[in-house]
Each structure stands twice: as structure tokens, then as C-alpha cells.
Amino acid sequence: MEKVLLKNIENTNSADITEYQKIGGYASIAKALEKERKDIIEEVKKAGLRGRGGAGFPAAMKWTFASGDPKFPKYLVCNADEGEPGTFKDRPILEKNPHLLIEGMVISGYALNAEYGFIYLRGEYPDAKHILERAIAQAYDRNFLGDDIAGKGIVFHLSVHQGAGAYICGEETALIESLEGDRGQPRIKPPFPVNVGVWSKPTIVNNVETLSNLPYIIEIGGEAYSKIGSPECPGPKLYCVSGHIEKPGVYELPMGTSLREIIYTHCGGIKGGKQLKAVIPGGISTPVLPPDKIDCPMDFVNMPKHGSMLGSGAVIVMDETVCLVKVCYRALKFFEHESCGKCTPCREGTGWLRSILERIEHGEGQEGDIDLLLSVSSNILGKTFCPLGDGAASVVQNFIKHFRPEFEGHITAKTCAVEG
Amino acid sequence: MITVTINEKEITLEKPITVLEAARSAGISIPTLCYHPALERYGGCRLCLVEVEKMPRLQTACTLMTADGMIVRTETDAIAGVRRGILEFLLINHPLDCPYCDKAGECELQDLVEKYGPTTGRFKEKKRKMPESLEDAIIVRNMERCIVCTRCVRMCEGVQGASAIAVMERGGHSHIEPFSGGKYDCEYCGNCISVCPVGAIMSRMHRHSYRPWQMTDQVETICPYCGVGCTVTAQVRDDAIKRIIPKLGSPVNNGLLCSRGRFGYEFVGNRDRLTRPLIRKNGVLEESTWEEAIHRVTQKLGEIKEKYGSSSVAGIASPRCTNEDNYVFQKFMRVTIGTHNIDSTARTGYAGAQQFIENIFGQGATANIISGISRSDVVFVVGGDPTTVNPILGLQIRACSRKGGAVLTLGKVSGLRYFSPHALDPASFTETVLLEGIVTELKNRKELSGSHSSLESNIKDIAVSVEDVIKECKIREDDFHSFITLLSEASNPVLIIGKEIIQSNGASYKLLLLSAINYLINGRIYLLSERANEQGLLDMGCASDLLPGSRPVEVAELRRRYERAWHVTLPDKPGLTLFEMIHGAKEGSVRAMYVMGENPLFNLPNSENVKEALGNLDFLVVQDLFMTETAESADVVLPALSWAEKEGTFTNMERRIQKLRKVISRAGKEDWRIISDVSGNMGVSFPYDSAEDVFAEISKVSPLHRDLTYDDIEEGEALWPFKGEPLRGGMEISCNKGDGATESGKYFLAIDRPLFHSGTLSRKSSALMRLCPEAVARISSTTAAELSVTDGDSIRISTRIGSLSLPVFIDEAYDGSLIKVSNNFRGKGVFSLMEYSLDPVLKSPCMDNVIIEIEKSDRHVQRDPKNDSEVKK
Ligand SMILES: Cc1cc2nc3c(=O)[nH]c(=O)nc-3n(C[C@H](O)[C@H](O)[C@H](O)COP(=O)(O)O)c2cc1C
Ligand code: SF4
Ligand code: SF4
Ligand code: SF4
Ligand code: FES
């Protein structure tokens, strides 16, 4: 497949506007501005573009809601918080191909009649901040941003807002709170951001990768785009693969490439020829899979059928040397640390789960602890305010579901059979 | 119409409300913790989760809006399990110290666990520890008990508008903390305490001295402090008030209180309360019996009346006393003594201003409902800070701003500074020009409608050019224009007028201009009122020119009604106003004075002059709770019962009559009873056995209160214009432009009206004294720089009539050359420095042109409230 999102990024100057334009960059803006706003949304609908932030929500549907709201101004927010552990797929776009994102945002801004855009950037990406700001300045210079884009009287302004290091601020409503300067905590939905978002105005929040698909959709048309990858959710997809793998990295492949193909064909298999023990396919919040489940196509439709989710496409590969109790414990430490504290089950439950896992991991597990873990996690699952708490509970449930003997072993032997 | 089914029960709703509200309206209970009816929805505790058909996840009833056809179940086994699970989570880190916690017995968590919760705990780990914070003098925080429902934060930020506290840290470390650290830097409304469902934020007053169930009594009454008239519930144990709390749904304050209302009740039990009558013998006040004291009053008043005539006796009534007390007092003066020499401190502003406005727009023009302010679209504030004078009214302005209304202020108003005010801050002594400019511009835009010819004829010639306004007032032209646009386009505007403008030079003319503005924008006027029954006292006829029901004394046809009722002939001319009385005393035409529940020697400007005047009297009777400055110079002092110890009614600034109920018993007599005793002794007996008897007479005599009964009042049906007949306006308007004071000095003195104090009562309440222990000179940072002083330094402020040395407090919110000093602390009242002139129309004092000299004085030593005689109980 021709590279779309990571095109030209091996070029050391790929973040520079001249390089970007050399390979045809920013050409889609002029093309888009010739179309009516609603026709762009129609193209996106035809393309079947689904959000790449994790939930896979159809982009055109979100845009239609926002366009239908009569309130002005409207805001376009790019979610570049990339906080899900294991995820680093947006990073190459932000650092190596920022103009692709900017171009995508200008097109989206035009389609949505939004005159202001924000890139909400992960606090731990300081380099990306400078790169983006420089790229934005260049785009202003060449009139791809500003009050009269491409001489067509189109207005779009863009700025970068850096987060302060909270995972929850990747959740779109918490992101908006944070963007407004408030405490990063999710808001009640409905109303949804498409109607009541930043400063109570209609707001479209899309992931970096989602928006970066726009120039290509405009270039080749929605119809042609929809032929790439899985028919139900087409397009190119970035998979970021880490862990015990020969060639970790970010891979741009057609949506729906199977886990097996990603691991063994593209990434060169398990490091040192060891045995695969478990894979987390879409970031820490998605259910872990045992080795016999890796033939499923990695897309939004098929992964749930195989007991997991595509999530952010962050594949974490673990070989036979890994203690899964420890991984589960570390995951819960993360969730406990990142719980915003708004709702009771997540605020109190993640810490409780972590402390039980900590005991087990330290050889202090007691009989009944596994049932307690399952019971506490089921008291969280489905009861929290936002998906963060659910993620924590489902991690525990799925690790126990697939690897219960390992937990039992820790409790009875008071030690770890894998790591000793 | 929406129909929803909850637990098989069909509920029909007029408009969409939350599932929780719908369920509760149908008598179905759903447990909640983070929900509070006065606060924005939150959905955090997750206790109210319910099953909704066609929705994959459980839903929080407190946030989910009902939709037609929705089917909800709240009592399934699964839901019972969810509730158990949530409560278990809330308890794992909870200290379970109910036996020690003051909240036990009224704790929502305790009650819910009892009803829905787990019976055993499964949590084996160590609980989270956070030491209790006793750093603040008034509010104690115990964050181990906090369930992070954020009710307190939503109250503080979303209702009170103080934004003083927030959730700090996140996840399991989340807890509530003031931004200022351990101590609060806030308005101390205590509304956070009211909404906390558990014992995490509590009052330190009477800590560990009672349990909710040990309260022997709980009495709903009215706050004794300001003219807003908040409903309060006083809780009592062993005949002492232990706590004052608000009640949701009450009129005016609907579940909210301010610092004075909540924490200012301790004066009631203060050990300095007078207990026995005192008579001056050989120059000293000595304890006596009631009989002897009343005999002495009777005898002396009789003698003086005999010798110098009725008009040589004068009475000062009290805006702290009930309608019944005040009615009986004025009747005593008019019938028993035979004079209209009855007046009060309402004369320092409220009375004159109200009368002026009513002459134009009719009686009751200022009787507007306070809760209506939040629903208006433009609020124009002139002459004071409503958030300190009438705090609960101030919250209405904040709410209006929050809902998108515009707040316009003349000058800077500190308590509204975070509510995007459009402030026009004219140079000193140029308000008149500015107001004229506003009237001119509004006339240009709105045109005179002709519906009020006398007002129109007074303003038709007003014409000031915008350029002149801009130049003289030194304001920005844009600001002026946007002000005018907001005013002229307002559809439901409100004008709020405070004392500062009423007590300024040319006040009556300024009031004319404000009335014109009000007329042109078709607004409603609110007059700020510092005392709980200032309005009631006027309505009872405690004014030298008005009879009960505010009927003018001079109109013979009106007078006849009272003469018939009281079987007397009344003088046909008004009596002396407050300031005329002082003047009369000084020059000898007034020989005796009867002061009820007032402290003129402290509460009136030019205290030294008042002292001299009162010293000149042949006889002074003071009836009060405490040995006030005035009582100290009295010949007879009579101890009265306080607000908490008697029945009666107050009339608030909306002219809502509300019932005061006896909270505790104490030996002694109500003010009306003492006066009745004196009157009886003087040969005119008053036939009252109870406050209700007095009110029965009021409702016969006052045309305004006709047929009104205690039952009507109890039922909340005593709203303006009651069942009575208000007088129409449209009277001839006279006003006075003043002497055109100009900026002739460098620094000016002004009256500070602090949130935590109000006259003599608040300085006898230890909580308020802890919040604000001493008098300060509030100065701007520019002034501080000019004088090279910083916080902690003292300055000496001198005027022609006196001088005071005070510690400075640098107020960053403010930048003028005014030095503000309050009138609350003994020996340190601003009135001791203030000379005044009287507005010829309003008869109120003008005090805006007090030029002062300032010098730096010795460094100030902090006053220790613990060793303070004023505070000790
Ligand atoms: C706890 C949590 C964290 C999230 N973090 C991210 C993130 O880092 N980046 C992202 O794009 N979306 C994240 N999301 C998803 C966003 O809420 C939102 O669905 C997404 O930005 C929408 O963009 P898309 O439609 O383009 O995917 C997160 C969601 C949750 C619940
Ligand atoms: S599940 Fe609740 S506590 Fe956890 S992050 Fe979401 S809102 Fe915050
Ligand atoms: S202090 Fe009380 S009201 Fe505030 S969050 Fe904690 S429990 Fe809730
Ligand atoms: S606003 Fe006035 S009446 Fe209400 S509590 Fe405060 S002082 Fe009392
Ligand atoms: S009461 Fe509904 S979530 Fe707390």
C-alpha cells in the first residue's frame, strides 16, 4: 500500500513546509475550497472514515451533528493527547509530518465552518510542541492559515495547547475542560461536544490520525478511499507495535491487517525467537489476547468479535518471560494514578484492585483474592462515569479470564513461577 | 407531555426533568449523594444508577433527562447490588469514626449505609490518612470523611460565587482545600457546610457540644441582621442556640445564608447582656427593680412633658426591633406623650430615599421580590456593594451574571469584580454629570412616553453632551456607550441603590436622575437596607412625618383615622427628625429622650456632637441588650429581650412580613411590653398581652396592614401590598443639587461596610469577631505607596473633629484616594471623624466630602481576640 500518513517521513526535513509541498502537500486545500462544505462531509461519509482515537466513531456522523447546530462560532479540536499506554502512533505525524495534520485541519475547519482550531497536545511531547508551532507559523506565512486562506476569504486559526500530563484529558470532554482552564474531568453527556463543547459552543474533537486522513480523501475521493482495507471501516491505519518484538515501531497498513501479519510479517516476529505469551492489541485498556486469538483482522468491527478491541491500534507484545500478574498490577497502578477522582467506583476501586494485585505480586496473596478481584472489578465495570474506570476493570477481568492459573500460582506458591 | 414508566408506575410530566426528579415526584425514592437540588448536576457518586430499557449501560437518575416512553427500573436485585458496591467503595477509605463525628445522626452516608449498604467490609488494606485541619478559626475540614461529591465546591463556585475551595489532587488523593491553604480566605457564608452530606466540612462553633438528636428545639425564624430577611432555623440545646442553619425552599434565601446570619448569633448568649434595670444615682448607674425603674421613667417623662410640653420629648425607634415593638413605641410617643417626635436611623438614608422614590412612582415602588434579580437581564448597581450590605441579595446579582445578564456598576464594586461587571468609575464628585449624561442619552434613544408628566417635566431639560461627560468624569467613551446600549436595550432591568449615593452631596437630585433612568428603561428599584426591620419600622410609623401604614402626618383626612382609633387628637405638623432631635437636644428644646434598641451615640456621624447633645438632656432612657455607648450616658437603662427571645414580625426590604419566633426563653420583657408598662404607669394603658394582640391592632389601624393576621404571615401570604391600600405616586418633586462639592483635598474618608459586621450586635458575636477582629483603614495600593506604609503599619486619620489611629489594610481591588473605615468597633468608629451636612430634601446626612489628614503612626500590635472583653462570653 502506498503510504499516506507516513509518506516522506524518512526525509530528515519532512516537517518543513517546502518539503511537504514538494511532494504535493497542501494541494488538497485548494481542491477542498472549490467544494461546498456539505460536499466535503459527503466525501468523508463515502470514505467511511472512522475516528482513530479509540472508539471508531464515524467521522462524518459527528461532523453532520456539529454542522447542524446553528450556534457559532464552532471549534475544531485535534486530540493529540496520545495518553493510552503503548500508543505512539500519532507521534510520527506530529513530529515528522505536522503539515499533513494542519492541512487536514484546515480542510475539516472549512467543512465544518469552524474558524478556530486547537491542537491539544500531550504534555510529554515537548519536541512536538516546537515542531507544530514552527509548522503552524510556516502555514500562516504561506497563507494556508489565517483570515484569507488561499485568497478565498476562508478563515481558520490554529494554536497548540499543551496538556499537563493527565491521561483523562485525552477523553474529549475532560480535554475540553482542560482546554478551558478547568480541572480535567469528564462532563455529563448529553449534551455532547458537537452541541455544547468549548465555551459552550459546538465543538468537533478528532484524533490526529483521523484528521490527517482528510487531504488524501480529498485527493482521491471518498469512493476510492473506501476501497482501502476493511470494507466496514476502510482506510490506512497506523499500528504502533512495542514489546518483545524484533522490529518495534509504527506501521502504516491497510485497516484490518491481522495481528499475526503485523507481528510476524511486518515486525519480524518475537524477539530472540521466543514464544508469544500474550498480546494487548489496542492499548492497555483493550482486553489482552492469548496467542490463539491473533488471527483476527485489526479493525473496529472484527476485534470485538474476537473478544477485544482495536482501540488506538497500540499492539503490546509479550513473550514467555513476562509475568502477567505483574503486568496486570502495573496496569492498575497506571489506572489508579490516572483516575481523575470524579466517580466513586473508579476513584476508590482502582486503588483497591491495585492493592490486592500488589499483595499477590509480592507473594502475600490470600485465598479468595481472585474472587475479590473479580467482584470488585465487576462493581466498577459499567458503573463509572467514563470509560477509564471500565478499562481498569476490564484489564483485571481479562487477565484473569485468560491467565487465571498464573494468578492462582502466585497465591499458592507465594512467588512468581516465571520471574522467580 | 411526556410519559415515563418507573417501576411499572406511569408518570406524566409537563416538561422533561431528570429521572430522579420524576421518580421523587411520584414518591419513588432513589438514593443519592452528589445530587443536591440547589446545585448543578454532577453524576459523580453513581449511587443513583438505574436500569433504563433500551439503554445498554446503567444510567444515573440524577443526570438523565426523561424522554417520552422511557421505562425505568430502580429496585431490581442488580441495582441493589450496585448500591451495595458503591457504598462499599465509599467506606473502604472512610475512617468510620461516627461515634466521634458531629455529623452522626444527620449524615447522609450513615443513613444510606444503614439502608442499602454492605454489612461487612472486605477491605483489608491500610486506609488513606489525612489529618483533620483545624487551621481555620471557623471551619474544620476532615478529609478522611470526604466522599468527593463536590457539593461544597459547586456551592462555593456555582452559587455563592466565592470560588474559594476546590478539589485538589486527583483519583484517590482527591480532597477539598481552600485555594488559600489551610485557612479560608473567603466570605464565610458556610454554605459549603450546609451542603456537605458527611462530616467533612463542619463549623467549629459548638464543636462536640451536641448531637443533632440532642437538640431540644428547632425553631424557624428570621435573621436579625439585614433587610433581606432570610429564614433561619435556630437549633437549641439547654436553652442556648447551638446552630443556625438555612432551609431549602424558604422564601428569599432558599437554603443559603451569609456569614452574619449563620455565625452571628452568639450575641444572644453573651455574658455582657444586661439583666437588671439600672438607674443613675449620684452619677453612677446602679441596679434597681423594674418597678423603681419604670416609676422613675414615668415620673421624669411626666415632669418634663408637664414643664416643657410634649414636643420636648423625643423617641428613637429601632430597625432591630419588631414591628410590634415599634408600633407600640410610636403609639406611646404620639398618644401617651403627644408628639410626632419619633424617628430612627432609617433617617440616615433609607427613609428619605424611599419616600422620594415613592413620591414619584407610588408607595411600594421599592417593594420588589429579591429572587427576581437573578431573572433580570441587566442589573445596575449604584452606591454600594450589595454583596456585603445585603449578601443574599448580592448572590442574586451574581446568579444573574452567571445566567448571562449584564452587571453595570457605578464605581468599582468589590464583591462583583469576578462577575464581568461593566464598571463606569467616574472621577470624584462627578457622579451627577455622569448620571445626567446617562439620562440625556437614554432620552435620545427612548423618547419620553408622556406617561409620567411630573417626572418628565423635571427631566426634559437635562442635556449634557457625551464629550462633556467623558471629559469631566474621565471615563472611556466606549465604556459609556456600551453602558447606554445595555441599559436602553434591557428588557427586564433592575436598579439597585445603596447608601453611599444617598449620603452624598446633592443626593436628592441624584435620586431624581436615577428615578429618571429607571423610568426610561422601565426598571425596578431595590434599596439596600442594612437593618432587619428598617422597612417595618417605617411602615409602623416610626418616622416623624408618617403614621402607621406610611400615611403623611399633615393630611388631616388621613390623620383622622388614627385619631379615632387611638381616641386622641394628634398634632397636625410632623415632629422632629432624627437629626433635628439631636440638634434640639443640643440647643435645649428637646429635654428628654427615649431610645429603644439603638445606639445613636455611636451610630450617627459626628459622635462627639451627639454625645454633647445627649449629655445636655434632662433625662435619657435607653432600652437595649447591652451597655452601649448611648446606654452609658443614660439616666435609666432598661434591659430588653433579644430577637431570639420573643415573638413578633419583621418586614424585609421586599416588604414581606415574616414571623419571628421565640427560640429560647429568658427572664425579661419585650420592648413593647416595657413601653406598655411605662405608658400604663403614665395613665394610658395599652391592652396587649402578646405580640399578636399588638399586631391585631396594627391590622385595624394601619390601612396598609388591613385585615392581615398572624395566620396569613405564617402561611407566607404577607407580600406587598398585603390586603391594604398603597398610596399612589406622582407627587410634586422637589430636589436639591447640593453645593457642587469639588475635589479640594487629597484624601477622603468613606464608610466601610464590611461583610462580617453590623453595628453593636456583631461585635458581641465571637465568630464574627474572629473573622474581623478590629477596625482597619482600608486604603488603596496607590495611597499606601504615597504614605509608604504596608500591611501592619498604622496611620493616624484626622479631621476637624477628631482623629483615630488605625492599622492599614491594603485593598488591591481598589485604586482611589478614599480611605475606608467601618463603624463597628468601640472607640474606633468612622462616625467619630465624620462631619456632615443635611440634604434639605431627604433630611439625610451627606458625608462624601470629608477631607482628612493622614500621617503614618506607630506600628500596630495585633489585637488578640482571646483577651478581648468584647468577645469573651
Ligand atoms: C480515558 C480516555 C482517554 C482517551 N485518550 C485519547 C487520546 O489520547 N487520544 C485520542 O485521540 N482519543 C482519546 N480518547 C478518545 C476521545 O475521547 C475521543 O473519542 C476521540 O478523540 C475522538 O476522536 P476520533 O473520533 O477521531 O477518534 C480517550 C478516551 C478515553 C475515555
Ligand atoms: S471513570 Fe470516573 S473517576 Fe475514573 S476517570 Fe472516568 S470520571 Fe474520573
Ligand atoms: S467536603 Fe463534603 S461536600 Fe465537599 S466533596 Fe467532600 S463530602 Fe462532598
Ligand atoms: S443576607 Fe441579611 S438576612 Fe440574610 S443571612 Fe445575611 S444578614 Fe441575615
Ligand atoms: S446522585 Fe446521581 S451520581 Fe451521585
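Helices (H or I, at least four residues) and strands (E, at least two) are DSSP runs, numbered from the N terminus. This is a predicted model, in which local features need pLDDT of at least 70, side-chain atom pairs count only at pLDDT 80 or more, and totals for chains, interfaces and linings use all residues. Residues are numbered from 1 along each chain as its sequence is written, and chains are lettered from A and ligands numbered from 1 in the order in which they are written.

Reader: In which loop is Ser374(B) found, and is the residue buried or exposed?
Author: Ser374(B) is in the loop of chain B between α9 (350–361) and β17 (378–382). A residue counts as buried with 20 or more other C-beta atoms within 10 Å of its own, as exposed with 12 or fewer, and as partly exposed in between, C-beta atoms being placed from the backbone. Ser374(B) has 18 such atoms within 10 Å, so the residue is partly exposed.

Reader: Which residues does Ser374(B) touch, leaving out those up to four places away in sequence?
Author: Contact means that the C-beta atoms of two residues, placed from the backbone, lie within 7 Å. By that rule Ser374(B) touches Gln396(B), Ala399(B), Cys400(B) and Lys403(B).

Reader: Which helix gives the most to the side of chain B that touches chain A?
Author: In this interface, 25 residues of chain B are in contact with 22 residues of chain A. With 6 residues, the one that gives the most on the chain B side is helix α2 (residues 77–92).
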